[in-house]
Amino acid sequence: MNEIGRFFLLVGFLFILLGILFLYGGKFPKFGHLPGDIFIQRNGFTFYFPFVTMLLLSLLLSILLNLFLYVLLRHR
């Protein structure tokens, strides 16, 4: 039962972080428009690929997930 409680706490914490990101994400104009993101605009055509943004987001999420899994699995 202890593991289930920890899991729900982790999921709840992640939802809180996601909610904060959605609430205040629009106030950070550089998020999603970093140097290295690919933006091509031509006649009637626009292509945007947030390459660097995805790399940073992946790195951040990997670090957070590893930290939480370490904390959860350490108590076994």
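**Notebook: Thr53, its contacts and the largest pocket**

I began with Thr53, which is buried, with a relative accessible area of 8%. The model is a predicted one, and I read every entry below with that in mind. I put Thr53 in the buried class because its 8% falls under the 20% cut-off.

Next I looked up where Thr53 sits, and found the residue in helix α2. I then asked which side chain makes a polar contact with that of Thr53. The partner is the side chain of Asp37, at 2.8 Å.

**His33**

I moved on to His33, which lies in the loop between α1 and β1. I noted that β1 spans 38–42. Leaving aside neighbours within four places in sequence, I find His33 in contact with Tyr48 and Thr53. For the pair His33 and Thr53 I took two separations: 20 residues in sequence, and 7.4 Å in space from C-alpha to C-alpha. Thr53 therefore appears in my notes as a buried residue, with a side-chain polar contact to Asp37 and a contact with His33.

**The chain**

I stepped back to the protein chain and counted 2 helices and 2 strands. Along the sequence I read their pattern as α-β-β-α. How much of the chain counts as buried? I have 8% of the 76 residues in that class, and Thr53 is buried.

For the surface, I noted that the chain exposes about 6800 Å². Carbon and sulfur atoms supply 74% of that area.

I also looked up the contacts between residues at least 6 apart in sequence. Of these, 26% join residues at least 24 apart.

**The largest pocket**

My last entries concern the largest pocket, for which I have a volume of about 470 Å³. Two elements give two or more residues to its lining: α1 (2–24) and α2 (51–74). I count 15 lining residues for this pocket. Which of them lie nearest the centre? I wrote down Leu21, Leu57, Leu60, Leu61 and Leu64.

I then asked which element gives the most to the lining. That is α2, with 8 residues. Thr53 is found in this helix too.

I closed with the character of the lining: 14 residues are nonpolar and 1 is polar. I found no charged residue in the lining of the largest pocket.

How values were computed:
Residues numbered from 1 in each chain as written. Predicted model: local features only at pLDDT ≥ 70, side-chain atom pairs only at ≥ 80, totals over all residues. Heavy atoms only, no water. 1 Å grid on protein atoms, 1.4 Å probe; cavity = no way out; pocket = protein on both sides within 12 Å on 5 of 7 lines; lining within 4 Å. Points joined across faces, edges and corners; volume = space filled by probe spheres on them. Helix = DSSP H or I, 4+ residues; strand = E, 2+ residues; numbered from the N terminus. Nonpolar A, V, L, I, M, F, W, Y, C, P; charged D, E, K, R; others polar. Buried < 20%, exposed > 50% of the residue type's maximum accessible area, 1.4 Å probe, protein only. Polar contact = N/O pair within 3.5 Å; in protein donor to acceptor, adjacent residues only side chain to side chain. Contact = heavy atoms within 4.5 Å. Areas by Shrake-Rupley, 256 points an atom, 1.4 Å probe, with all protein chains shown as cover.
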